[in-house]
Amino acid sequence: MIQAIWNDKVIAESKETVIVEGNHYFPAATVNKDYLTPSDTTSFCGWKGDCSYYNVVVEGKENPDAAWYYADPYERAEKIRGHIAFWKGVEVKETNS
């Protein structure tokens, strides 16, 4: 089981993440959306496409742009469609659950 944890809260948990460039992409259904708020930040990856972000918010503390996703990835990155990844201090770790 892989978990994404920030501010002592499990934000996402899945046995079926997709690893791309060392990052675990969690199926969107395994992410607790109560901890995410939309961000206006976007970026672009030459092989994955346009990227959008979420802020991670736990107990009033905000971690801006700490989650990202590709809503319409390029064909070569299709396996991350419908997935969300984390960074900026969000701990992603394997557990024995």
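The protein has nine strands and zero helices. Read from the N terminus, its elements run β-β-β-β-β-β-β-β-β. The model is a predicted one. The C-alpha trace spans about 35 × 30 × 20 Å along its principal axes. A compact globule with 97 residues would have a radius of gyration near 13 Å, and the protein agrees with that because its own value is 13 Å.

Of the 97 residues, 43% are buried. Among contacts with a separation of 6 or more, 47% join residues that are 24 or more positions apart. The exposed surface comes to about 5,600 Å², and carbon and sulfur atoms supply 45% of that area. As for charge, there are 10 positive and 15 negative side chains. The centres of these two sets lie 3 Å apart.

In soluble globular proteins, nonpolar side chains tend to be buried together. Here the largest nonpolar core holds 17 residues, and the members that touch the most others are Ile11, Val31, Leu36, Val56 and Phe86. At least two residues of this core come from each of strand E1 (2-6), strand E2 (9-14), strand E6 (49-58), strand E7 (61-69) and strand E8 (83-86). A second core is separate from it and has 11 residues, including Val18, Val20, Tyr25 and Ala85.

Phe86 gives a view of the largest core from one side chain's position. Beyond its neighbours within four places in sequence, Phe86 is in contact with Ile11, Val31, Leu36 and Val56, among others. These four are listed with Phe86 among the core members that touch the most others. The remaining contacts of Phe86 are Ala4, Ala12, His24, Phe26, Ala66, Ala67, Trp68 and Val92.

Strand E1 can be followed through Ile5, which is found in that strand. Ile5 counts as buried because its relative accessibility is 15%, and the cut-off for buried is under 20%. With neighbours within four places in sequence left aside, Ile5 is in contact with Val10 and Ile11, and also with Gly89, Val90, Glu91 and Lys93. By contrast, Lys79 lies 23 Å from Ile5, C-alpha to C-alpha, with their positions 74 residues apart in sequence.

Val90 appears again in the surroundings of Asn63, a residue of strand E7. Asn63 is buried, with a relative accessible area of 7%. Its contacts, leaving aside neighbours within four places in sequence, are Trp6, Asn55, Val56, Trp87, Lys88 and Val90. Val56 in that list is one of the core members that touch the most others.

At the C-terminal end, Thr95 is found in the segment after strand E9 (91-94). Thr95 is buried, with a relative accessible area of 16%. Leaving aside neighbours within four places in sequence, Thr95 is in contact with Met1 and Gln3.

The loops include two residues with backbone angles to check. Most residues other than glycine have a negative phi. Asn7 has a phi near 55°, a positive value in a residue that is not glycine. Asn7 is placed in the loop between E1 and E2. Glu59 is not a glycine either, and its phi is positive at about 50°. Glu59 is found in the loop between E6 and E7.

Asn7 and Glu59 are 52 residues apart along the chain, yet their C-alpha atoms are separated by 8.2 Å. Glu59 touches Asn7 and Lys9, not counting residues up to four places away in sequence. Their accessibility can be set side by side: Asn7 is partly exposed, with a relative accessible area of 24%, whereas Glu59 is exposed, with 62%.

Another loop residue is Asp34, found between strand E4 (23-27) and strand E5 (36-45). Asp34 is exposed, with a relative accessible area of 68%. The C-alpha atoms of Asp34 and Val57 are separated by 8.3 Å, and the two residues are 23 apart along the chain.

How values were computed:
Residues are numbered from 1 along each chain as its sequence is written. This is a predicted model: local features need pLDDT of at least 70, side-chain atom pairs count only at pLDDT 80 or more; totals for chains, interfaces and linings use all residues. Side-chain values use heavy atoms; hydrogens and water are left out. A nonpolar core is a set of buried Ala, Val, Leu, Ile, Met, Phe, Trp, Tyr and Cys residues joined through side-chain atoms within 4.5 Å. Buried means under 20% relative accessible area, exposed over 50%, partly exposed in between (1.4 Å probe, protein chains only). Helices (H or I, at least four residues) and strands (E, at least two) are DSSP runs, numbered from the N terminus. Contact means heavy atoms within 4.5 Å. The radius of gyration is taken over C-alpha atoms; the globule rule is 2.2 Å times the number of residues to the power 0.38. Accessible areas come from the Shrake-Rupley method with a 1.4 Å probe; for residues, only the protein chains shown count as cover. Lys and Arg count as positive and Asp and Glu as negative; His and the chain ends are not counted. The place of a charge is taken as NZ of Lys, CZ of Arg, CG of Asp or CD of Glu.
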